[in-house]
Amino acid sequence: MQWGVYIHIPFCRQKCFYCDFPSYAGREQQMKAYTEALCQEIAIQGLSYRQKWGRPATVYIGGGTPTALPAAYMTEILTAIAAHLGTDVPEFTVECNPGTVDRDYFKVLQAGGVNRLSFGVQSFNDKLLKRIGRIHSVEEAVAAVRAAQQAGFTNLSVDLMYGLPGQTLQDVADSIAQAQTLAVQHISIYGLQLEEGTVFARQESQGRLVLPADDETEAMYDYINEKLPQLGFARYEVSNFARPGKESRHNLGYWQDVPYLGLGAAAHSYLEGRRYENTADIAAYINRINTGASAGQLEEEPTPQHIMEEFAFLALRTAEGLSREKFAAKFNRELSEVYGRTMSDLEKKGLLTVDEKGCRLTAKGFKYGNWVFAEFLL
Amino acid sequence: MQNKNIRNFSIIAHIDHGKSTIADRLIEYTGTLSQREMEAQVLDSMDLERERGITIKAQTVRLDYKGKDGQLYQLNLIDTPGHVDFTYEVSRSLAACEGALLVVDAAQGVEAQTLANVYMALENDLEIVPVINKIDLPSADPERVKEEIENTIGLDASEAVLASAKTGLGIEEILDAIVEKIPAPEGDENAPLQALIFDSFFDSYKGVIAHVRVKQGKIKKGMRLKMMATGKTFEVTDVGCFKPQPVDVGELNMGEVGFVAGSLKDVRDVQVGDTITFADRPADKPLPGYRGVTPMVYCGLYPVESSDYDNLKDALEKMQINDAALVFEPETSVALGFGFRCGFLGLLHMDVIQERLEREYNLKLITTAPSVIYHVYKTDGSMLNVSNPADLPPQTEIEHIEEPFVKATVIVPNDFVGAVMEISQEKRGVFKNMDYLDTNRVMITYHIPLNEIIYDYFDRLKSATRGYASLDYELADYQESKLVKVDILLNGDPVDALSTIVHKDKAPSRGRQLASKLKEIIPQQMFEIPIQAAIGSKVIARENVRARRKDVLAKCYGGDISRKRKLLEKQKEGKKRMKAVGSVEVPQEAFMAILKID
């Protein structure tokens, strides 16, 4: 049984200006108790699913900034994972923030079974890094990736962003070139989205945020999707590119209906067709775990319609797309019976390729992905 | 009850001057309902009425009151709808009375609408009893208001009752004034029946119930009666009065007010203003003042989902059961598909119907911009009534067009006279008259196209006069105007539902404004959308909705799928409120864009 584990570390040195994920700066005093609670949850929840399904295929420690935790706490977590979820997890990723990691930290990760690192770099331009509230410099980012490679990691990813304030097409091109030079195996590129409650949203409301014009952002998008495949990074999902065989199996799991157990504050789980969310409040999380309560809560009882819609729009995020065979196997209904008309409409609009295997986004379809996904809501 | 102890009256007041509070106090004071029953019953009217603070459906109530002379009096309060759309209904309610309370806010003074209704009451020979309400307000100035009443209406206000419905002050005085000043009804109770219908409603058990005032003769259960205008005959199954819930009393005598029912199925058989008489021994003539229902404003109503057509039809039919003023017929639009052309008494009536259709019947509707009825004289000598701009014949076939004009009466403090004139002139109004009501307030009369009123005339007046302007209007006549049709093309294709008829001189600016408003309303799509405004084949304005560059969901944080789902649902919901016109997704509000340009 293939399944994954997501572990959330809700700490950061500083909140980036665009970020509205559940992560908090200045909570160092909670780290110890959090680590203990998290290990407890791994021991109870993790173990029980391992007994049910065997060792997970993927483990992903994300945040926040997992590497904002002191190495000692990280060791405790890795030890708990090895003890309760198993050793030699085939894909074991930790998100790293340059500026929080050094060679010793990498050794700790490596010793704990981690075999894949994802670096939040966002841009190889110091001015832009400052403008978006990152704590590290370009030099530190480069040094971190090199140090990881020297430590023996051979499966590395960097996150980049486009559409940032003050960013030009040239900046995007430079960042991609830099990532290429660093010889990473995987690149995720996200367009900036303004989210409520972020520094950027506030600046925007005060008229202090100047974003690139729509055409400029579109040019960046086009450049990325043309250039990366040329460099040998295939687009296997809306925002993700990889060398052959280096796709993130964990992230693919989200789109391919693979169950996952989320551990830690604000972590999401997808288990036996139901989605759960752990409390996002760190103190509440610690308290619940310490009192023997579950941190998770069912988001909502899924209706058969919801399940079908999610199966469809999640699968469509991938290059492989929505498979007739998998759809029929899961729902005991033909894909065309449910979505035949939607698919042919979208095909006519040039957004979808439809064939005997199923359907998948065209280049234009990727560009208007949301529009296509929304059409798959019944 | 002896005739001499009956008093029939209504209340004339501007919105917010306290009509319903005074009515409530009278009901309470006379013990017709206890305070608890009041809350449960009197306030239990339509949600919309409460939200908008206006009366849409009139209420009638019989109050028993022991006068100062120790005798028992039957006071019939006939409530009137408080909006300019319902002028005719108001006139019929007033025709059912011998007197009216004129309620004026002690701080605000007389308003245009009040004045129009008072004049109407005077035309009906009603005795007016002035009541100055809200005298407990710090800003109350009853002496000034009295003076205003005397100057504007020419009524003796020296004996005006000073009241505060809020505190209960003056309620007994009002009741005594009704008894003393308003004349008792007069008429021959042995003559053939003449009963005036002033309202009606539909009851699922009893059928249509007519609110009536017996002018002569009497009504008893079992009688065979006849509607003089519609010719409908029926047998009386229920006859009674409102307290305020209907109470069966078996008969209504000359001078009394109450209800009659007789298994009538269709509200159209029971028309406001019609006279009920004996089927076998009819009165020699009906009561004066009847006229059929004439809608003033039309618009198209279309379901967003074409599969809702039948539901919309059912809903309209159900609404019509209780609303004789609502008319509709099927209509087809190239852009919007199958829908209905609906006629309303006015803009408020239109709003109320639309809102009820959406709320009570859960329908998603597209409403086209309201239109008046144009008289189109064709070169072949025929005349067409056109209420849908899309139906306007080609320019070459039109000899000339006439449009309805109204007499609009505006009352404002004199500081704002300039503003009113400027707006009215701009709205093609022709100045008729100006009167000083007192040293501060002025009444201005304009002859102005109804078409201009239904756009933003009142809103503009309000904002230019800091809310002080009050407006009343009545249909005056039809006059020739230089009118043209402005068409809108989206992506090169004309959209019939966006066509509008405007004055020739205003067409270029209206076209530009409309195109630029549509540009704001129509969301970016995957391709560029040219918007053009044209008269015939001549393009007078052009805008572009730029193509949406991309629409990509970013990062998925830690498998949080629900958040993605919510975003998509929002997107889908937004799309549901749009109508695909050709390849362009057009939001509902685009069809009302013409009302939103400034």
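# Report on a predicted two-chain model

Among the elements that cover the buried residues of α4(B) are β1, β3, β4, α5 (112–123), β7 (194–203) and β26 (470–481) of chain B. This description rests on a predicted model. Helix α4 spans residues 87–95 of chain B, and nine of its nine residues are buried, so the helix is largely enclosed by the rest of the structure. The residues concerned are B:T87, B:Y88, B:E89, B:V90, B:S91, B:R92, B:S93, B:L94 and B:A95.

## The two chains and their contact

The overall composition of chain B is 13 helices and 33 strands, while chain A contains 15 helices and 17 strands. In chain B, 48% of the 598 residues count as buried; in chain A, buried residues account for 49% of 378. Sequence separation of contacts was examined for residues at least 6 apart in sequence. Of such contacts in chain B, 70% join residues at least 24 apart, and in chain A the share is 71%.

The two chains touch each other: 33 residues of chain A are in contact with 21 residues of chain B. The chain B side of this contact comprises eight nonpolar, four polar and nine charged residues.

## Sheets of chain B

Six strands of chain B make up an open sheet with mixed pairing, in the order β2-β3-β1-β4-β5-β6. Its edges are β2 (60–66) and β6 (161–162) of chain B; each has a single partner strand, so one side of each is left without a neighbour in the sheet. Within this sheet, β1 (residues 6–13) and β3 (residues 72–78) of chain B pair in the parallel sense through five bridges. One of the pairs places B:S10 with B:I78 of β3(B) as its bridge partner.

Helix α1 (residues 19–29) of chain B lies across β1, β2, β3, β4 (99–105) and β5 (127–133) of chain B, and runs at about 150° to β1(B). Strands β1, β3 and β4 of chain B also appear among the elements that cover the buried residues of α4(B).

A further open sheet of chain B has four strands, ordered β18-β19-β17-β20, with antiparallel pairing. Here β18 (327–333) and β20 (365–367) of chain B occupy the edges, each with a single partner strand, so that one side of each is left without a neighbour in the sheet. On average, neighbouring strands of this sheet are turned by 30° against each other, direction ignored. Strand β17 (residues 297–303) of chain B is joined to β20(B) by three bridges, and the two run antiparallel. Across this pairing, B:P303 stands opposite B:L365 in β20(B).

## A loop position in chain B

B:S382 belongs to the loop between β21 (374–378) and β22 (383–386) of chain B. This residue is exposed, because 11 other C-beta atoms lie within 10 Å and a residue counts as exposed at 12 or fewer. From B:S382 to B:I398 the separation is 16 residues in sequence and 9.8 Å in space, C-alpha to C-alpha.

## Helix packing and strand pairing in chain A

Helices α6 (residues 169–181) and α8 (residues 214–230) of chain A pack at an angle of about 25°, with their axes 9 Å apart. The two helices are therefore roughly parallel to each other, and α6(A) passes α8(A) in a right-handed crossing. On the α6(A) side the contact is made by A:L169, A:V172, A:A173 and A:I176, and on the α8(A) side by A:E216, A:A219, A:M220, A:Y223, A:I224, A:K227 and A:L228. By class, the contact has nine nonpolar, no polar and two charged residues. An α-helix has 3.6 residues a turn, so residues three or four places apart point the same way.

Strands β12 (residues 268–271) and β13 (residues 274–278) of chain A form a hairpin with two residues between them, and A:E272 in the turn has a positive phi of about 50°. Strand β13(A) also pairs with β14 (residues 296–298) of chain A. The table sets out these two pairings.

| Strand pair | Bridges | Sense | Opposed residues |
|---|---|---|---|
| β12(A) and β13(A) | four bridges | antiparallel | A:Y270 and A:R275 |
| β13(A) and β14(A) | three bridges | antiparallel | A:E277 and A:Q297 |

Key:
Residues are numbered from 1 along each chain as its sequence is written. Chains are lettered from A and ligands numbered from 1 in the order in which they are written. This is a predicted model: local features need pLDDT of at least 70, side-chain atom pairs count only at pLDDT 80 or more; totals for chains, interfaces and linings use all residues. Axes are lines fitted to C-alpha atoms, for helices over the stretch in contact, and angles run from 0 to 180 degrees between N-to-C directions. Angles under 35 degrees count as roughly parallel, over 145 as roughly antiparallel, 65 to 115 as roughly perpendicular and the rest as oblique. A crossing is left-handed if the near helix is turned anticlockwise from the far one by less than a right angle, and right-handed if clockwise. Two residues are in contact if their C-beta atoms, placed from the backbone, lie within 7 Å. Ala, Val, Leu, Ile, Met, Phe, Trp, Tyr, Cys and Pro count as nonpolar, Asp, Glu, Lys and Arg as charged, and the others, Gly among them, as polar. Two strands pair if DSSP finds at least two bridges between them. A residue is buried if 20 or more other C-beta atoms lie within 10 Å of its own, exposed if 12 or fewer, and partly exposed in between; C-beta atoms are placed from the backbone.
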